[in-house]
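Work through the exercises below with the sequence and the 3D view open. Try each task before reading its solution.

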Amino acid sequence: MNPKVKERRSPVRPPGEGKGAWLATLEQGANLLQDRAPLKDFDVYVVGFHCAKDEPDAQMEAHHYCKVVNDDMLQCVLFDGNTRDANLIGIEYIVSESLFASLDEPEKAYWHPHNFEILSGQLSAPGLPDVAEKAFLKLLMNSYGKTWHTWHTGRHDEGPGHAMPVGEPKLMWSFNREGECDEALKRDRDETMRLDTAKKSRERQEFVPLAHPQCGVDAMRDQFSGTTPIPGVTDVDGRAE
């Protein structure tokens, strides 16, 4: 691991015994004979926070490992940490504003907006120099994500969740105002990974003029209380604050 990226372990260890001799043998054969071509380009790493759609208290940290398909799409696999024992917890597809606009209205309801995640400083690309991180996130302005979590392994600040991937997949959503994401969740990540969300937010204010109103910003607005909007994050059908 890049020494500039602070280790973040999974909050839960799945049940079961060691890999066993047969699995170890299979792995060695795979290392020698099999190709992992579909996985080779999943090398863009960002970490942020998600909440379940219409479940404002179901919040968690999500470590994204993404493949840049082209200028309009990224495909990401999601983990609950960044170490070898991290658990696979879901997937996210990220599309540009123009690709989102091509979707029909029922489909758009599955896609969450990204501008708050970027402008608030909550979304981070650990290990990248500040200049490179800003350049990458600038490209994500006005984009959308469609995210499904298949396993809620818990919160790092509260302890383990489900030991196995039980239940139905959950459609996830983005936070869109200050005060929606639990401060304890943010603080635990920032302290452990040595990230400065407030500093990142200040440095990204130059992106505000690039921000367009987005669909879904107000989708969960009334499910939180005591929240504050930030410049550059507005709903296409937004009402006055």
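Contact here means heavy atoms within 4.5 Å. The model is predicted.

**Exercise 1. Place T192 and find its partners from elsewhere in the chain.**

Task: Which residues is T192 in contact with, leaving aside its neighbours within four places in sequence?

Solution.
- Step 1: locate the residue. T192 sits in helix α6.
- Step 2: check its exposure. T192 has a relative accessible area of 35%, so it is partly exposed. The cut-offs are under 20% for buried and over 50% for exposed.
- Step 3: list the partners. With those sequence neighbours set aside, T192 is in contact with K6, E7 and R8.
- Step 4: check one pair by distance. T192 and K6 are 186 residues apart along the chain, yet 7.3 Å separates their C-alpha atoms.
- Step 5: look at the side chain. A polar atom of the T192 side chain lies 2.9 Å from the backbone oxygen of D188.

**Exercise 2. Describe helix α6 from its start to the loop that follows.**

Task: Which residue caps the N-terminal end of α6, and which residues of α6 are buried?

Solution.
- Step 1: start at the N-terminal end. D182 is the cap of α6. One of its side-chain oxygens lies 2.9 Å from the backbone nitrogen of A184.
- Step 2: pick out the buried residues. In α6 these are L185, K186, R189, D190 and M193.
- Step 3: ask where they point. They span an arc of only 120° around the axis, so they lie on the same side of α6.
- Step 4: find what covers them. The cover includes β1 (44–52), β2, β7 (154–155) and α7.
- Step 5: step past the helix. Just after α6, R194 takes a positive phi of about 55°. R194 belongs to the loop between α6 (183–193) and α7 (197–203).

**Exercise 3. Contrast two residues with positive phi.**

Task: Is N142 buried or exposed? Is R194 buried or exposed?

Solution.
- Step 1: recall the background. Most residues other than glycine have a negative phi.
- Step 2: read the angles. N142 is not a glycine, but its phi is positive, about 70°. R194 is not a glycine either, and its phi is about 55°.
- Step 3: place N142. This residue is in the loop between α5 (130–140) and β6 (144–149).
- Step 4: apply the accessibility values. N142 has 7% relative accessibility, so it counts as buried. R194 has a relative accessible area of 65%, so it is exposed.

**Exercise 4. Sort out the cysteines.**

Task: How many disulfides does a search of the whole structure find, and why is C181 not bonded to C51?

Solution.
- Step 1: count. The search of the whole structure finds one disulfide.
- Step 2: name the pair. C66 is joined to C76, with an S to S distance of 2.1 Å.
- Step 3: locate both ends. C66 is in strand β2 (residues 55–70) and C76 is in strand β3 (residues 73–79), ten residues apart.
- Step 4: describe the link. The C66 and C76 link is right-handed, with 105° about the S-S bond. Both C66 and C76 are buried.
- Step 5: test C181. The closest cysteine sulfur to that of C181 is in C51, 8.4 Å away, so it is too far for a bond. A disulfide needs sulfur atoms within 2.5 Å.
- Step 6: compare exposure. C181 counts as buried because its relative accessibility is 3%. C215 has a relative accessible area of 24%, so it is partly exposed.

Technical notes. Residues numbered from 1 in each chain as written. Predicted model: local features only at pLDDT ≥ 70, side-chain atom pairs only at ≥ 80, totals over all residues. Heavy atoms only, no water. Helix = DSSP H or I, 4+ residues; strand = E, 2+ residues; numbered from the N terminus. Buried < 20%, exposed > 50% of the residue type's maximum accessible area, 1.4 Å probe, protein only. Polar contact = N/O pair within 3.5 Å; in protein donor to acceptor, adjacent residues only side chain to side chain. Arc of directions from axis to C-beta.
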